[in-house]
Amino acid sequence: MSGSFRFYSSLSPLQFRDSPKMRFFNPRIQVPNPVPLLKPTKTAHPRVVLPEIVKVAASEMPVTAGKPAAMAESGGLQVDLVTEADLKENGFRSTRRTKIVCTIGPRTAEFEEIEALAVGGMNVARFNMCHGNREWHRDVIRRVRQLNEEKGFAVAVMMDTEGSEIHMDDLNGDESAKAEDGEIWTFTVRAFDPSSCPERTITVNYDGFAEDVKVGDELLVDGGMVRFVVTQKIGPDVICQCTDPGLLLPRANLTFWRNESLVQERNAMLPTISSKDWLDIDFGIAEGVDFIAVSFVKSAEVIKTLKSYITARSPGSKIAVIAKIESIDSLKNLEEIIKASDGAMVARGDLGAQIPIEQVPSVQERVVQLCRQLNKPVIVASQLLESMIEYPIPTRAEVADVSEAVGQQADALMLSSESAMGQYPEKALSVLRSVSLRIEKWRREEKHLDATDPSVVSSSTPPSISEEICNTASQMANKLKADAIFVYTKTGQTASLLSRNRPDCPIFAFTPSTSIRRYLNLQWGLIPFRLDFSDDVESNLNRTFSLLKARGMINSGDLIIVVSDVLQSIQAIKVP
Ligand SMILES: Nc1ncnc2c1ncn2[C@@H]1O[C@H](COP(=O)(O)OP(=O)(O)O)[C@@H](O)[C@H]1O
Ligand SMILES: C=C(OP(=O)(O)O)C(=O)O
Ligand SMILES: [K+]
Ligand SMILES: [Mg+2]
């Protein structure tokens with residue numbers, strides 16, 4: 001305890017303006033407010049003079065075109081090779097290794113709100129096609145693009161499909177409905193005018209609903225937030241009695257269980273990608289999203305189909321396909337699914353409604369490990385900071401859950417309702433950020449004490465040259481205690497292979513493509529920059545040294561391991 005308070009002792013805790021009682025000492029974790037601390041000092045280099053916490057936090061510092069130049073003048077750095085345009089184009093940088101995905105919703109859809117998330121460290125903005133309409137999504141996605149262009153961010157856009165899940169409809173415009181213990185409710189596929197919908201009646205989106213359920217089945221809303229037992233079936237109406245009361249929310253997901261197992265009848269045959277999803281995918285391709293996350297993937301086939309579809313529709317497109325692991329069927333085919341995909345998401349919300357909840361942590365661990373082996377980025381999603389939808393500070397248990405995912409070295413953590421419709425999106429983001437930085441640092445220190453740490457990744461068979469180069473470069477960087485790895489990469493592949501090794505130092509990745517830059521922004525430890533490569537290798541090196549020196553991210557005398565996928569080489573260089 002004293003350790004953590006010493007760590008933060010020079011900081012003022014956040015001012016909890018919305019909750020007067022929080023102004024007094026609160027034993028729950030104190031989150032440093034990054035903003036006032038991060039102003040670069042005019043006279044000296046932040047990395048040299050600031051205390052430890054600031055040294056870490058300074059990596060989250062937004063750098064605008066003007067500031068580094070001013071810093072550079074006073075610090076005597078040579079920025080002659082770095083143009084203002086380079087600095088602007090490559091705006092905000094952070095050396096936090098764990099990336100953050102934020103779901104954008106009504107609470108975070110305005111330009112200023114998205115900007116606040118980007119400044120707060122959002123790497124990927126996620127759009128859930130379950131909610132809103134295409135016009136809404138189009139407008140907001142364009143705001144993210146505009147922000148990237150104007151301020152030099154590399155926030156990637158992820159579109160998440162609705163999928164063929166069974167869910168309730170929109171509650172006729174009501175925000176929620178309360179189901180009390182013992183009450184009788186009807187779930188039906190009938191359609192009603194909003195004004196004529198009978199009381200305690202919920203319409204369901206899946207036509208086969210009444211055929212699939214049996215009297216005696218348990219009906220779980222949102223994975224068990226509210227429970228019913230089926231007492232009677234009358235034509236398309238399923239009559240249920242409430243056994244666990246609670247709030248019914250619009251479009252809440254429905255599963256039914258028989259003898260303590262998930263019921264999979266005709267609903268198991270629903271297509272993973274529905275007709276509406278295909279239209280959403282066309283929309284995503286047209287809007288140039290960076291990632292498409294596919295809900296309720298059951299097998300590798302659907303991923304392969306989607307990837308061929310994207311290639312046919314948009315040849316040369318770089319849209320990456322992420323498999324959401326949330327369906328019970330996906331667990332049987334995990335390896336093939338992940339191999340076929342460009343990444344995976346542990347979608348713990350629905351996963352916890354499809355398998356017994358106590359099995360979710362082991363599935364998470366398995367998926368994270370498998371993705372690392374197969375060199376695919378992995379996102380741990382849902383309920384990380386659920387209480388922060390309402391409260392400005394997380395529970396200790398939530399902090400422990402976040403720490404676990406960071407300790408597992410997942411590529412990214414995701415906020416859902418916390419950022420989409422919660423009261424404290426920026427605070428939730430700041431908790432993910434500070435917990436990530438703290439646990440990453442702690443893990444590096446622990447590793448140095450533990451000589452047996454087996455963080456070397458196995459090679460594939462047959463071995464590939466780039467994989468061996470990246471494994472060796474990462475080991476070299478660790479052994480020589482290098483300050484950074486620089487990688488010059490055209491396709492991003494070499495950068496991914498370095499990230500997969502989870503080296504101790506940050507990996508600065510330079511690529512000529514803005515879309516690869518955004519794609520790399522999801523991956524652990526990569527700090528991607530866009531840069532036109534010249535044919536002269538020496539000049540590329542000097543330009544990137546100057547660029548990062550001007551930002552205070554490296555210093556003269558630092559040891560850099562340089563990897564290039566064009567030359568297939570490793571070099572160890574001291575920064576001039
Ligand atoms: N585009 C949107 N429009 C309106 N509400 C949204 C939108 N995206 C997310 N939300 C809200 O945020 C909540 C959390 O988002 P998410 O986790 O993506 O969805 P779900 O709860 O359906 O799994 C949703 O239940 C919904 O209330
Ligand atoms: C991320 C998830 O998917 P969605 O929010 O789309 O239900 C989940 O189920 O955890
Ligand atoms: K979804
Ligand atoms: Mg889901």
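Which residues does serine 330 touch, if we do not count residues up to four places away in sequence? In this structure, which I should say at once is a predicted model, serine 330 touches Val297, Lys298, Ile325 and Ile337. The residue sits in the loop between β14 (320-325) and α12 (334-340), and although that is a loop position, serine 330 is buried, with a relative accessible area of 0%. To give a sense of where it stands relative to another part of the chain, serine 330 and glutamate 199 are separated by 131 residues in sequence and by 38 Å in space, C-alpha to C-alpha.

Let me step back to the whole protein. There are 576 residues, and 57% of them count as buried; the secondary structure comes to 21 helices and 22 strands. If we take the contacts with a separation of 6 or more, residues 24 or more positions apart account for 69% of them. The chain is divided into domain 1 (2-89), domain 2 (99-163 + 276-449), domain 3 (171-269) and domain 4 (465-574), and you will notice that domain 2 is written as two segments. For the pair formed by domain 2 and domain 4, the C-alpha centres lie 25 Å apart, and the contact takes 29 residues from domain 2 and 22 residues from domain 4.

Now to the empty space inside the model. Rolling a probe the size of a water molecule over the atoms shows where empty space is left. A search of the whole structure finds six cavities of 30 Å³ or more, and the largest cavity has a volume of about 260 Å³. It is lined by 20 residues, of which Ser164, Glu165, Ile166, Asn267 and Gln354 are the closest to its centre. Which domains each give at least three residues to this lining? They are domain 2 and domain 3. By element, strand β11 (residues 254-258) supplies the largest share of the lining, three residues, and by class the lining of the largest cavity has nine nonpolar, eight polar and three charged residues.

I would like to stay with the loops for a moment, beginning just after that strand. Glutamate 260 lies in the loop between β11 and β12 (261-262), where it is exposed, with a relative accessible area of 75%. Most residues other than glycine have a negative phi, and most peptide bonds are trans. Glutamate 260, however, has a positive phi of about 65 degrees although it is not a glycine. Asparagine 172 is another residue other than glycine with a positive phi, in this case near 50 degrees; its place is in the loop between β3 (156-160) and β4 (177-179), and at 42% relative accessibility asparagine 172 counts as partly exposed. A positive phi in a glycine is found after helix α7, which is followed by glycine 121, with phi near 110 degrees.

That brings me to α7 itself, which covers residues 111-119 and whose buried residues are Phe111, Ile114, Glu115, Leu117 and Ala118. Why do we place these buried residues on the same side of α7? Because they cover an arc of only 160 degrees around the axis. The spacing along the sequence fits a general point, namely that an α-helix has 3.6 residues a turn, so residues three or four places apart point the same way.

Finally, two single residues that make a useful pair to look at on the screen. Valine 230 belongs to strand β8 (residues 226-234) and, at 3% relative accessibility, counts as buried; the cut-off for that term is under 20% relative accessible area. Leaving out residues up to four places away in sequence, valine 230 touches Lys214, Val215, Gly216, Asp217, Val238, Ile239 and Cys240, while threonine 186, 44 residues away in sequence, lies 9.5 Å from valine 230 in space, C-alpha to C-alpha. Isoleucine 357, by contrast, is in the loop between α13 (348-354) and α14 (360-373), and with a relative accessible area of 60% isoleucine 357 is exposed. Isoleucine 357 and glycine 223 are 134 residues apart in sequence, and 9.0 Å apart in space, C-alpha to C-alpha.

How values were computed
Residues are numbered from 1 along each chain as its sequence is written. Chains are lettered from A and ligands numbered from 1 in the order in which they are written. This is a predicted model: local features need pLDDT of at least 70, side-chain atom pairs count only at pLDDT 80 or more; totals for chains, interfaces and linings use all residues. Side-chain values use heavy atoms; hydrogens and water are left out. Buried means under 20% relative accessible area, exposed over 50%, partly exposed in between (1.4 Å probe, protein chains only). Helices (H or I, at least four residues) and strands (E, at least two) are DSSP runs, numbered from the N terminus. The arc is that of the directions from the helix axis to the C-beta atoms. On a 1 Å grid over the protein atoms alone, a cavity is a set of points where a 1.4 Å probe fits but cannot get out, and a pocket is an open set with protein on both sides within 12 Å along at least five of seven lines; lining residues have an atom within 4 Å of a point. Grid points are joined across faces, edges and corners, and a volume is the space filled by probe spheres set on the points. Ala, Val, Leu, Ile, Met, Phe, Trp, Tyr, Cys and Pro count as nonpolar, Asp, Glu, Lys and Arg as charged, and the others, Gly among them, as polar. Domain bounds come from an automatic or database domain assignment. Contact means heavy atoms within 4.5 Å.
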